[in-house]
Amino acid sequence: AGEMDVRLVVASGAACVAATLIAWRMGPRWRVAWLLRSSHAHYASKRYDAALTAAVAARGVATGWLGSASAEHGKALLHLAAVHAAMRQNEAALALLDECDALATRIHGPASLQHVPTLHARAEVLEEAGDMDGAVEALSRARAIRHAALGPRHPAYARACFNQAGLTVRYASGALEVSDEWRAAQVGQAATLAIEASEVALAAGDAEQGLEYAEALLELILSGTGGEDSELAQLDGCFNHIQSLNQAIASAKRDLDASQ
């Protein structure tokens, strides 16, 4: 009986130690999550100074208690970059996104889907800063990663194609001191991507989404991005691209009618 009591005491003590260790490890994670929730709430209310304070604190807890390679640190970095971007502190945001990218590469490799949120955030910051070449490059890399990781028939790859197409049209519409031939070539690339997105959706049986991809890009080309009529549709080099989109729309409508 005495030996049994000793074993029970030892087992109970081990359980307490284990529980304490779990609590110690979970404590910092809970604090990071709480600080990020607080920062998100301030961010949503456009109280950016308060959001920044909470985000910086979350990063400090993550690195100090969980390590720079922790998932919590990655989340804190990405959110902190978003706060800086909202405050128009683009250089600070891009520096943090560089850290996110390096962290994802170190942990998951250069072609991991973990890079995609960072690349999308980078594209937004660069577009806001007027670096459209960099923004397109970021979305192109995100698309390539999804293609390699998920395959060319995955809905997420279709969305990546459309995202890049929309950005490319905005670039073609807003670029200064470029030739009509260059603008038309950009529209052609965008149309090809949107049609690919539409075809992926159709192959997956989602005719409604396939129609939306093609129609949305055509509307962007025809209406412009600044509320005024776009000059893109008037370019001779864009005629065939617009026709291709109209054909994709007709194909999607046929599939949609057949499914109803």
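The largest pocket of this predicted model is lined by 14 residues. Those nearest the centre of the pocket are Ala 71, Gly 74, Lys 75, Leu 103 and Gln 114. The volume of the largest pocket comes to about 300 Å³. Three helices each contribute at least two lining residues, namely helix 3 (71–86), helix 4 (90–108) and helix 5 (116–129). Among the contributors, helix 4 gives the most, with five residues. In chemical character, the lining divides into eight nonpolar residues, five polar residues and one charged residue.

These helices belong to a protein that has ten helices and zero strands. Read from the N terminus, the order of elements is therefore α-α-α-α-α-α-α-α-α-α. Of the 260 residues in the protein, 40% are buried.

One of the helices that line the pocket, helix 5, contains Pro 117. Pro 117 has a relative accessible area of 42% and is partly exposed, because this value falls between the 20% and 50% limits. Its C-alpha atom is separated by 9.6 Å from that of Cys 100, a residue 17 positions away along the chain. Cys 100, in contrast to Pro 117, counts as buried, because its relative accessibility of 7% is under 20%. Another cysteine, Cys 161, is also buried, with a relative accessible area of 0%. As for covalent links between cysteines, a disulfide requires a pair of sulfur atoms within 2.5 Å, and by this rule the count is zero.

The discussion now turns to aromatic contacts. A pair of aromatic rings is described by the distance of the centres and the angle of the planes. A search of the whole structure finds three aromatic pairs. In one of them, the ring centres of Tyr 43 and Tyr 48 are 5.7 Å apart and the planes meet at 65°, so the pair is edge-to-face; the angle exceeds the 60 degrees that this class requires. Both partners are partly exposed: Tyr 43 has a relative accessibility of 30%, and Tyr 48 has one of 23%.

A further pair is formed by Phe 162 and Tyr 213, with 5.2 Å from centre to centre and 35° between the planes, and this pair is tilted. Phe 162 belongs to helix 7 (residues 155–174) and Tyr 213 to helix 9 (residues 207–223), so the contact ties together parts that are 51 residues apart in sequence. Each ring of this pair comes from a buried residue: Phe 162 is at 16% relative accessibility, while Tyr 213 is at 4%. Both values meet the criterion for burial, because they are under 20%.

An aromatic ring also takes part in a contact of another kind. The charged end of Arg 31 sits over the ring of Trp 65, at 5.1 Å from the ring centre.

Toward the end of the chain, Asn 246 lies in helix 10 (residues 239–259). Asn 246 counts as partly exposed, because its relative accessibility is 34%. The C-alpha atom of Asn 246 is 7.8 Å from that of Ala 214, although the two residues are 32 positions apart along the chain.

The backbone of the loops remains to be considered. Most residues other than glycine have a negative phi. Against that background, Lys 46 has a phi near 65°, a positive value in a residue that is not glycine. Lys 46 is placed in the loop between helix 1 (2–44) and helix 2 (48–66). With a relative accessible area of 62%, Lys 46 is exposed, because the value is over 50%.

Glu 177 likewise has a positive phi, of about 55°, and is not a glycine. The location of Glu 177 is the loop between helix 7 and helix 8 (180–203). Glu 177 counts as exposed, because its relative accessibility is 83%. Both positive-phi residues described here are thus found in loops, Lys 46 between helix 1 and helix 2 and Glu 177 between helix 7 and helix 8.

Technical notes
Residues are numbered from 1 along each chain as its sequence is written. This is a predicted model: local features need pLDDT of at least 70, side-chain atom pairs count only at pLDDT 80 or more; totals for chains, interfaces and linings use all residues. Side-chain values use heavy atoms; hydrogens and water are left out. Buried means under 20% relative accessible area, exposed over 50%, partly exposed in between (1.4 Å probe, protein chains only). On a 1 Å grid over the protein atoms alone, a cavity is a set of points where a 1.4 Å probe fits but cannot get out, and a pocket is an open set with protein on both sides within 12 Å along at least five of seven lines; lining residues have an atom within 4 Å of a point. Grid points are joined across faces, edges and corners, and a volume is the space filled by probe spheres set on the points. Helices (H or I, at least four residues) and strands (E, at least two) are DSSP runs, numbered from the N terminus. Ala, Val, Leu, Ile, Met, Phe, Trp, Tyr, Cys and Pro count as nonpolar, Asp, Glu, Lys and Arg as charged, and the others, Gly among them, as polar. Rings of Phe, Tyr and Trp (its six-membered ring) pair if their centres lie within 6.5 Å; planes under 30 degrees apart count as stacked, over 60 as edge-to-face and the rest as tilted. A charge sits over a ring if NZ of Lys or CZ of Arg is within 6 Å of the ring centre and within 35 degrees of the ring normal.
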